[in-house]
Amino acid sequence: MNQNTNFRNAPPRAGAMLEALRGLGYTTAAALADIVDNSISAGATEVRINFNWNGTSSWVAVMDDGRGMDDATLESAMRLGDRNPLEKRDSMDLGRFGMGLKTASFSQCRRLTVASVKDGATSCLRWDLDALANQTGGDWLLFEGPASGSEKLLEPVTWVSSGTLVLWETLDRIVTNGFVADDFNDLIDRVESHFAMVFHRLLEGPRERLKILLNGKRVKPWDPFMYGHASKTWESPIEKKRTDSGVIKVACHVLPHRDKLSPSEFETGGGPEGWTAQQGFYVYRNERLLVAGGWLGLGQGRAWNREEAYRLARIRLDIPNTADAEWKIDIRKSTARPPVSLRPWLTLMAEDTRERARRVFAYRGSQTPGIGGGPVEQAWRLERSRTGVRYRIDDKHPVISSVLDAAGPLLPMVKAMLRVVEETVPVQRVWLDTAENKETPLTGFSGEAPEKVVSVLNTIYADMVGRRGMSSASAKKMLTATEPFQNYPGLVAGLPDEELS
Ligand SMILES: Nc1ncnc2c1ncn2[C@@H]1O[C@H](COP(=O)(O)OP(=O)(O)OP(=O)(O)O)[C@@H](O)[C@H]1O
Ligand SMILES: [Mg+2]
């Protein structure tokens, strides 16, 4: 028997299908971003989002000045599965699945009305989950025009010659039991910070391709890479890789240490989720951010977690929309997974950036051995044995060796003292404090007044040029290569040149 002649027609039931699609897991901010994506793809330069609080009758409207839709296009836009995701898209199109408008909207509301104007002609269509639930046929009834009583909310489209208005009503997933006006305002704030982040590249720069207004207030971009900040620590050149599905671009960044930022810069720099959560890869598709941080499942052996020590590492990664399938883009536009073939390349770059970021974190952004130039005499060294690691004071450090030399009869006491210091390094305390404060404790005179550093320098310098008979030039040279004074070349240079008595 020919298999192809035996079939049944099994269309989904509209009401049940749409209810099921509500559970894709969008946050309100991500759902609205999906609506704004459509506006951007339609060439909009301005998107106005209005949130209106009125208890269970609250509504949200998104109005854009894009090219708009004629009646037939609007009907396809409202239909589920109207466009095949395999279809080739315009290179600037932010869409892929032909689903976002519907899935994003239904994740938040039960009534979706879209009105659009093109060439002066207006069309308006509406999905209404309550109306569909009340009819038993399971038909896909797309209503014409606004719901009665909502006509006024769609008026703005009559004032323009092209553009689209998306209206969400019956916000049952937002206005749940106990949800009050303050919660609505908090929600607007979350949407604002999400938009500032995901659309930052479209909102910023001299061209400012896009303006987004939330209840009339303009969204300001949030730049995860602090471009233009004076103390940016490190930035790699843009690496490009040609793949079968297009060119992938990567630029690695290490951000400035907290000590180099003002409190407000530090607060803003952390981003909506904070520094630790926002480390890692930033994946952009057509300059729209899909993934804000995390290590994309990369790692040597085990996948890397987001850890405090790597929080200054942020990597910008650009993919074109031709790479959607390879990168497993999801309908919500909030995940992307690198294809296996690119993992080794990305891992290598991430590893290098992580290591650089770890050093800036550990050394509080000061010059560190290996970054600032030649080798630096360290005061501490690590002694590894089969039983573990031990921190030892290095007796070759110029200050330690001077004290040992000059100790005379006190030598055994000084050595005993150093040994006591070594054996009581408060490692657990340091570890706990770092974890609790999300910051390494202060060392290397950071945060101290210059006089404090100078007073210690003076003592050591006097011993070098006095007792040890060094020239001031060689004493200064030695001090600039000695921990922790390598961070204060200016103070070392300012020591008096004449020999001290
Ligand atoms: N604001 C708008 N202006 C003009 N056309 C729009 C607008 N919103 C949606 N459309 C049209 O409706 C179609 C369907 O939108 P929808 O968001 O459901 O899917 P998509 O954007 O094609 O793909 P994705 O599911 O990945 O978002 C779009 O392809 C576009 O042609
Ligand atoms: Mg879309």
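These legends go with a handful of close-up views of a predicted model.

**View 1. The surroundings of ligand 1.** Zoom in on ligand 1 and you'll find 19 residues around it. Asn38, Ala42, Ala77, Gly95 and Gly100 are the closest of them. Two helices chip in here: H2 (28–41) and H4 (100–106) each supply at least two residues of the shell. Sorted by class, that shell comes out as 7 nonpolar, 7 polar and 5 charged residues.

**View 2. Where domain 2 meets domain 3.** The domain assignment splits the protein into domain 1 (14–218), domain 2 (234–362) and domain 3 (380–493). This view is about the last two. Their C-alpha centres, those of domain 2 and domain 3, sit 37 Å apart. As for contacts, 5 residues of domain 2 touch 4 residues of domain 3. On the domain 2 side of that meeting point there are 3 charged residues, plus 1 nonpolar and 1 polar.

**View 3. Strand S11 and its partners.** Strand S11 (residues 246–254) pairs with several strands, so let's take them one by one. With strand S9 (residues 234–235), the pairing is antiparallel over 2 bridges, and Trp234 faces Val254 of S11. Strand S10 (residues 239–243) also runs antiparallel to S11, this time with 5 bridges. Look for Arg242 opposite Val247 in S11; the link from S10 to S11 is a hairpin of 2 residues. Then there's strand S14 (residues 313–319), antiparallel to S11 over 6 bridges. Here Lys249 has Asp318 of S14 standing opposite.

**View 4. Helix H11, end to end.** Helix H11 covers residues 411–423, which is 13 residues. How far should a helix like H11 span at 1.5 Å a residue? The expected figure is 18 Å, and the end C-alpha atoms are indeed 18 Å apart, so the two agree. H11 is also hardly covered, with a count of 0 buried residues among its 13.

**View 5. Two positive phi angles that aren't glycine.** Asn215 has a phi of about 45°, positive even though the residue is not a glycine. Its home is the loop between strand S7 (211–214) and strand S8 (217–218). Is Asn215 buried or exposed? Asn215 counts as exposed because 12 other C-beta atoms lie within 10 Å, and the cut-off for exposed is 12 or fewer. Glu287 pulls a similar trick, with a positive phi of about 70° and again no glycine in sight. Glu287 belongs to the loop between strand S12 (280–285) and strand S13 (288–292). With 15 other C-beta atoms within 10 Å, Glu287 is partly exposed.

**View 6. A cis peptide bond at Pro484.** Going from Glu483 to Pro484, the peptide bond is cis, with omega near 0°. Pro484 sits in the loop between helix H14 (472–480) and helix H15 (489–493).

**View 7. Asn185 in helix H6.** Asn185 is part of helix H6 (residues 181–198). Why does Asn185 count as partly exposed? Because Asn185 has 13 other C-beta atoms within 10 Å, which falls between the cut-offs of 12 or fewer for exposed and 20 or more for buried. For a sense of distance, take Ile40: Asn185 and Ile40 are 145 residues apart along the chain, and their C-alpha atoms are separated by 25 Å.

Conventions:
Residues are numbered from 1 along each chain as its sequence is written. Chains are lettered from A and ligands numbered from 1 in the order in which they are written. This is a predicted model: local features need pLDDT of at least 70, side-chain atom pairs count only at pLDDT 80 or more; totals for chains, interfaces and linings use all residues. A residue is near a molecule or strand if its C-beta atom, placed from the backbone, lies within 6 Å of it. Helices (H or I, at least four residues) and strands (E, at least two) are DSSP runs, numbered from the N terminus. Ala, Val, Leu, Ile, Met, Phe, Trp, Tyr, Cys and Pro count as nonpolar, Asp, Glu, Lys and Arg as charged, and the others, Gly among them, as polar. Domain bounds come from an automatic or database domain assignment. Two residues are in contact if their C-beta atoms, placed from the backbone, lie within 7 Å. The expected span of a helix is 1.5 Å times one less than its number of residues. Two strands pair if DSSP finds at least two bridges between them.
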